[in-house]
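Thanks for coming, everyone. I would like to walk through one model this morning, beginning with the space inside it and then moving outwards to the strands, helices and loops around it.

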Amino acid sequence: MAIANSPSKLSLPQHNPGVTTVLEFLILKFPAISSEVWQQRMVDGKVHWHDGGLINAQSLFAAQQRVYYYREVASEPVIPFAEKIVFQDELILVAYKPHFLPVMPGGEYVEECLQNRLRNKTGNQQLQAVHRIDNGTAGLVLFAVNPSSRAQYHNLFAAQQVTKTYQAIASTVNQSVKHNQQWEVINRLEKSTPKFVMHIVEGLANSHSRIRCLQHSADKALFELNPITGKTHQLRVHMQSLGWPLLNDNYYPQLQSNKQNDYSKPLQLLAQQLQFIDPITQQQRCFSSQTELSLV
């Protein structure tokens with residue numbers, strides 16, 4: 001059994017979804033976790049309020065109150081690739097995340113994630129990622145070193161004030177591409193079924209990407225991608241919509257959710273560069289992963 005060293009947290013919603021107790025809400029929110037498991041966690045003191053007070057099976061739902069709990073999984077995979085610290089000062093840390101490693105705990109991962117690896121490596125348990133990239137995507141992730149300035153760095157991404165540059169390799173078997181050909185993709189993305197998959201729908205646009213072909217071979221091509229917005233799976237869906245699915249993508253165009261990680265075939269998507277004006281120092285920041293994808 002793998003148990004998280006640090007708690008996860010959630011805020012109870014302002015509008016009660018029709019429950020009486022915190023236990024009922026947790027069962028509703030996390031249907032894959034049984035009532036018996038939540039009750040045992042409560043008995044073991046692994047569910048509590050923001051002030052440390054323990055939550056039990058009879059604790060009443062309290063709107064907008066924070067609930068902390070410790071995630072558990074029966075067996076946690078170990079990702080056999082190493083992260084790298086690219087830059088660190090008193091305000092931020094920029095790290096290179098390898099393919100397959102999640103940024104934060106989730107699903108079958110409790111401690112095996114970039115954030116916890118870096119917390120252990122640096123000794124700073126306050127280190128917090130201010131944005132995320134997919135598990136399958138490699139590349140740069142920005143962390144706030146201090147809780148006091150965390151929100152300011154998070155807001156850079158929320159306000160689209162970070163220039164992000166990605167590389168991707170896609171199949172061109174079904175559609176050819178020309179060198180330096182460019183596209184601007186603007187549309188609306190929403191959750192599909194299952195809910196962790198996104199799809200394009202009619203309506204007001206909420207996603208925007210700029211894409212350019214850097215080079216190509218007989219059956220694949222290397223692209224540069226600049227996501228203006230940051231919707232889940234945005235680049236993967238936008239590339240698929242243009243007719244160029246990313247190599248080794250287990251979600252698009254066809255979902256293969258039960259497929260085990262094949263470490264010899266990583267998703268060909270790399271978060272290569274980050275640029276922004278630092279909200280604290282007002283200086284230009286520019287970071288590179290110092291890696292590239294290759295058609296060879």
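Let me begin with β10 (163-171) and β15 (269-277), each of which supplies at least two residues of the lining of the largest cavity; the helices (H or I, at least four residues) and strands (E, at least two) I name are DSSP runs, numbered from the N terminus. Before going on, I should say that this is a predicted model, in which local features need pLDDT of at least 70, side-chain atom pairs count only at pLDDT 80 or more, and totals for chains, interfaces and linings use all residues. Residues are numbered from 1 along each chain as its sequence is written, and side-chain values use heavy atoms, with hydrogens and water left out.

By a cavity I mean a set of points, on a 1 Å grid over the protein atoms alone, where a 1.4 Å probe fits but cannot get out, and its lining residues have an atom within 4 Å of a point. The structure holds one cavity of 30 Å³ or more, and the volume of the largest cavity is about 50 Å³, a volume being the space filled by probe spheres set on the points, which are joined across faces, edges and corners. Its lining includes Lys164, Thr165 and Tyr166, together with Ala271, Gln273 and Leu274.

How are β10 and β15 arranged with respect to each other, parallel or antiparallel? They run antiparallel, joined by six bridges, and strands count as paired if DSSP finds at least two bridges between them. Within that pairing, glutamine 167 stands opposite leucine 270 in β15. β10 also pairs in the antiparallel sense with β14 (residues 220-227), over six bridges, and there the bridge partner of glutamine 167 is glutamate 224. Eight of the nine residues of β10 are buried, where buried means under 20% relative accessible area, exposed over 50%, and partly exposed in between, with a 1.4 Å probe and protein chains only.

From the sheet we can turn to helix α4 (residues 150-158), in which Tyr153, Leu156 and Phe157 are buried. These three cover an arc of only 95° around the axis, taken from the directions from the helix axis to the C-beta atoms, which puts them on the same side of α4. The buried residues of α4 pack against β7 (92-97), β9 (138-144), β10 and β15, contact meaning heavy atoms within 4.5 Å. Just after α4, glutamine 160 takes a positive phi of about 55°.

Helix α2 (residues 35-43) can be described in a similar way, with Trp38, Arg41 and Met42 as its buried residues. Seen down the axis of α2, they fall within an arc of 100°, so they line one face of the helix. Glu36 and Val43, on the other side of α2, are exposed.

Finally, the loops. A hairpin joins β11 to β12 through six residues, and in the loop between these strands lies proline 194, whose peptide bond from threonine 193 is cis, with omega near -5°. A cis peptide bond also joins tyrosine 252 and proline 253, with omega about 5°. Asparagine 180, in the loop between β10 and β11, has a positive phi near 70° although a residue other than glycine, and at 37% relative accessibility it counts as partly exposed. Glutamine 282, which is not a glycine either, has a positive phi of about 65°, and at 55% relative accessibility glutamine 282 counts as exposed.

Key
On a 1 Å grid over the protein atoms alone, a cavity is a set of points where a 1.4 Å probe fits but cannot get out, and a pocket is an open set with protein on both sides within 12 Å along at least five of seven lines; lining residues have an atom within 4 Å of a point.
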